[in-house]
Amino acid sequence: MIAAQLLLAPSGPKSEFDGFVYVESNDAQSGRNAVLAYTFRKNGLHFIGEYPTRGTGATDPGATGALDAQGQLVVDRRRRLLLAVNQGSDTVAVFRFTRRGTLIAVPGSPFPAGGKAPTSVGLAGPFAVVADKADDANRSLDAIEPAYRTFRVGADGKLTPISAPFRVPPGSSPTQALTIGRHLVVGTEETGPFRAFLLGADGTLHQGANSPLDPEDSIFALGYNGARWAVGLAVQPTGRLLYGNQAATAKLLVYSYDATGKLTFVRAVANDGSKLPCWTVVTPDGRRLFTANAGNGTVSAFDLGRDHASPHQLQTLALKHAGNPWGLALDPVGKTLFVVDPHAVESVPRGRGNRLHALAVGSDGRLTELESSPARLPVSADASPLGIAVVPRR
């Protein structure tokens, strides 16, 4: 009997995480966007349900950059809130999550984003900072100024806009509103620059000391005339360092920052075996970094070195049935990595993507996809699910 049980037992990697994973369906049919909820327990993903955002998502089959963003979903664990962008209908939905992982829309949700095509949300104490992209493959928004704007998050989950937004030139196409602590916000834009803001005690945004900051020339080979903008910002939790991806040249960038919002380039390292590395996450202990590589269905793992400023690549792993890996989230102890993998562009063969992957993080920082992974997301064939958030059960 014991021998039979051993033969039947799974032999692959295991995860001890017990909690919930949320993904945005990003359905571009009017009013059909939703948050998809999963429980993760006993090494596997199990679907809980679909919770309408009462808004509309976005698509970009031609890969114009309209979907390029990180932070479509964000969780406020203290207030048990989840925020989700409706890029196609210019609103932000707010849910309260229960201890069973189900979601309840707060009264008044969704709330106006105040601009066009909200694409990323960051939380900083009592505030939410929203980046409005003003870029949508289904709407002509070329003349609209994108904006970064701050909202006060009420105890009831209501979003109330604060003062005037910070507007940037038409076509800038912001990709993220990364909040660092309570006082700093950093974003990137598809026209090239990084942009840092100081977040005042009253919620107002003031541009940092050397923003906007164009990418360092030394990142690019002599005569390079391709895309220069970076995406997928992530912060080092143990020091004043920031990471991002120069996707077109497959390089991981390291920057430092100070209390004035000044950004300083440190170095760039190659992300070998990747194509279009775009999205980034750092383990809670600050030792490892992972990128989702949207162009070839892979994820990469890096050791960040003793100083956390010297990334060393450990691995590039091909995901099962992958499409365009687009967003990553770790469990609170950094031992399980979840990846949302849409079928985002027409060049990806049918049958690939639109999946949620779960990977174990080894003690050496290398990744192994769980035997139970991936889970096929219950979305239409032309949807591009984006955004991911992870919440422990307790």
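Pockets, sheets and backbone of a predicted model

Me: How many residues in the lining of the largest pocket are nonpolar?
Reply: In this predicted model, the lining of the largest pocket holds three charged and 12 polar residues. The remaining class, which includes Val and Leu, is the nonpolar one, and its count in this lining is 23.

Me: Which residues are closest to the centre of the largest pocket?
Reply: The volume of the largest pocket is about 1,200 Å³. Its lining consists of 38 residues, and those closest to the centre are V74, V75, L178, V281 and L328.

Me: Which strands each supply at least two residues of the lining of the largest pocket?
Reply: The contributing strands are spread along the chain, from β4 at residues 73-76 to β30 at 386-392. The full set is β4, β9, β13, β17, β21, β25 and β30.

Me: What is the volume of the second largest pocket?
Reply: A total of 28 residues line the second largest pocket, with L276, A294, G295, N324 and W326 nearest its centre. This lining comprises 15 nonpolar, nine polar and four charged residues. The space within the second largest pocket is about 460 Å³.

Me: Why is one side of each of β3 and β30 left without a neighbour in the sheet?
Reply: The open sheet concerned has four antiparallel strands in the order β3-β2-β1-β30. Because β3 (44-52) and β30 stand at the edges, one side of each lacks a neighbour in the sheet, and each has a single partner strand.

Me: Which residue in β30 stands opposite V21?
Reply: Strand β1, residues 19-24, is joined to β30 by six bridges in the antiparallel sense. V21 lies within that residue range, and the residue opposite V21 in β30 is V390.

Me: By what angle are neighbouring strands turned against each other on average in the sheet of β13, β14, β15 and β16?
Reply: This open sheet is antiparallel, with the order β13-β14-β15-β16. Its edge strands, pairing on one side only, are β13 (178-180) and β16 (205-207). With direction ignored, the average turn between neighbouring strands is 30°.

Me: Which residue in β16 stands opposite L199?
Reply: Strand β15 covers residues 194-199 and is joined to β16 by three antiparallel bridges. Opposite L199 in β16 stands L205.

Me: What is the phi of G157?
Reply: Strands β11 (147-153) and β12 (159-167) are antiparallel and share six bridges; F151, for instance, has P161 as its bridge partner in β12. The two strands form a hairpin with five residues between them, and G157 lies in the turn. The phi of G157 is positive, at about 90°.

Me: Which residue has a positive phi although it is not a glycine?
Reply: Most residues other than glycine have a negative phi. The exception in question sits in the loop between β4 and β5 (81-86). With a phi of about 55°, this residue is R80.

Me: What is omega for the cis peptide bond that joins S373 and P374?
Reply: Most peptide bonds are trans. A cis bond joins S109 and P110, with omega about 5°, and P110 belongs to the loop between β7 (103-105) and β8 (111-112). P374 is placed in the loop between β28 (367-369) and β29 (375-376). For the cis bond from S373 to P374, omega is about 0°.

Me: Over which residues does pLDDT stay under 50?
Reply: The chain has a mean pLDDT of 93, with 97% of its residues at 70 or more. The stretch under 50 has zero contacts beyond four places in sequence, and it covers residues 1-8.

Notes:
Residues numbered from 1 in each chain as written. Predicted model: local features only at pLDDT ≥ 70, side-chain atom pairs only at ≥ 80, totals over all residues. Heavy atoms only, no water. Pairing = 2+ DSSP bridges. Axes fitted to C-alpha atoms, helices over the stretch in contact; angles between N-to-C directions. 1 Å grid on protein atoms, 1.4 Å probe; cavity = no way out; pocket = protein on both sides within 12 Å on 5 of 7 lines; lining within 4 Å. Points joined across faces, edges and corners; volume = space filled by probe spheres on them. pLDDT = per-residue confidence, 0-100. Contact = heavy atoms within 4.5 Å.
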